[in-house]
Amino acid sequence: MSSAAGNQPSKKQPKPPCRLQVGIAHISTDLFEKFNIRAVKVNASSKCNIPQTNVTITVEIWKKGKLQNHLVLTKTINSSGTTYPGSQVNNFSTYKFCENIARTSYYGVAYSKAFIAGKWQYARHVLSLETIPLNCGT
Amino acid sequence: MESEEVFLTSEQKRRESVVIRECFRLMQDERSRYEKQANEFLDLGYFSSETNGYLFEFSIEDNQFACTATSKLPTGDNYSTFAPIPEARADQVEELIELFAQSDAGLIQ
């Protein structure tokens, strides 16, 4: 299982059978502009070109601190059935409402596991490509 | 305002909006019930509920609030949520109110 946050694979490397992607931490423009709701959110998805079962995708939202970074929320979604080649398994449900508009930098971390070809395969931790400052204190 | 559209289809974006708005509404309209649940949970260290075909079990694991959602359908997706425990009890109640509301609002699929 491979993991990526948007980087292109090297030309010499064979294309991995699975790909885990994590997006940048963001506030939904639509929810803010139409409903004045602020929530920081990170999306992740996994796609394989071979069958897989029991796909589990975990997404963590982190915020940067002066001395250390702080975990905000972790959500794990387990898709119990078989996922066919080309199908995508998503974790689109990791979000946390903002308590205030304090400028805070966030990033996402995702990792996954799946049962593929008779054994468990693990994707290493993938970080968002960018750490984004948002007007969202949590 | 940063946005990210790369992963979600228009239908998924619609569902995202519906679920997060519902969660936001629940945190306000059901606040009194959630506060009672939060205090019960903080006193006992465990709370469970059933909503929308899921069994939700709240506990404390690895010094975090944990919510495990188990589908009553064998083919349904299961999920779990972990959140760091704030120091002050009032903040703990607020954190739990959001966890309860997120559980009741459902997944963005």
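Here is a short chat about the two-chain contact and a few residues in this predicted model.

User: Hi! What kind of model is this, and how are things numbered?
Analyst: It is a predicted model, where local features need pLDDT of at least 70 and side-chain atom pairs count only at pLDDT 80 or more, while totals for chains, interfaces and linings use all residues. Residues are numbered from 1 along each chain as its sequence is written, and chains are lettered from A and ligands numbered from 1 in the order in which they are written.

User: Cool. How many helices and strands does chain A have?
Analyst: Chain A has one helix and 10 strands. Helices (H or I, at least four residues) and strands (E, at least two) are DSSP runs, numbered from the N terminus. Along the sequence the pattern reads β-β-β-α-β-β-β-β-β-β-β.

User: And how much of chain A is buried?
Analyst: Buried residues are 43% of its 138 residues. A residue is buried if 20 or more other C-beta atoms lie within 10 Å of its own, exposed if 12 or fewer, and partly exposed in between, with C-beta atoms placed from the backbone.

User: Switching topic: how many residues of each chain are in contact with the other?
Analyst: On chain B there are 25, in contact with 31 residues of chain A. Contact means that the C-beta atoms, placed from the backbone, lie within 7 Å.

User: Which element gives the largest share on chain B's side?
Analyst: That is β4(B), with seven residues.

User: Which strand of chain A does β4(B) pair with?
Analyst: Strand β6 (residues 70–83) of chain A, in the antiparallel sense over five bridges. Two strands pair if DSSP finds at least two bridges between them. One bridge joins A:Thr76 to B:Ser80.

User: What about B:Asp77, where is it?
Analyst: B:Asp77 is in the loop between β3 (64–71) and β4 of chain B.

User: Is B:Asp77 buried or exposed?
Analyst: B:Asp77 counts as buried, because it has 20 C-beta neighbours inside 10 Å.

User: Which residues does B:Asp77 contact?
Analyst: Leaving aside neighbours within four places in sequence, B:Asp77 contacts A:Ile77, A:Asn78, A:Ser79, A:Ser80, B:Ser71 and B:Leu107.

User: Last one: where is A:Pro51, and what does A:Pro51 touch?
Analyst: A:Pro51 sits in the loop between β4 (39–48) and β5 (52–63) of chain A. Not counting residues up to four places away in sequence, A:Pro51 touches A:Thr82, A:Thr83, A:Tyr84 and A:Pro85. A:Pro51 counts as partly exposed because it has 14 C-beta neighbours inside 10 Å.

Conventions: Two residues are in contact if their C-beta atoms, placed from the backbone, lie within 7 Å.
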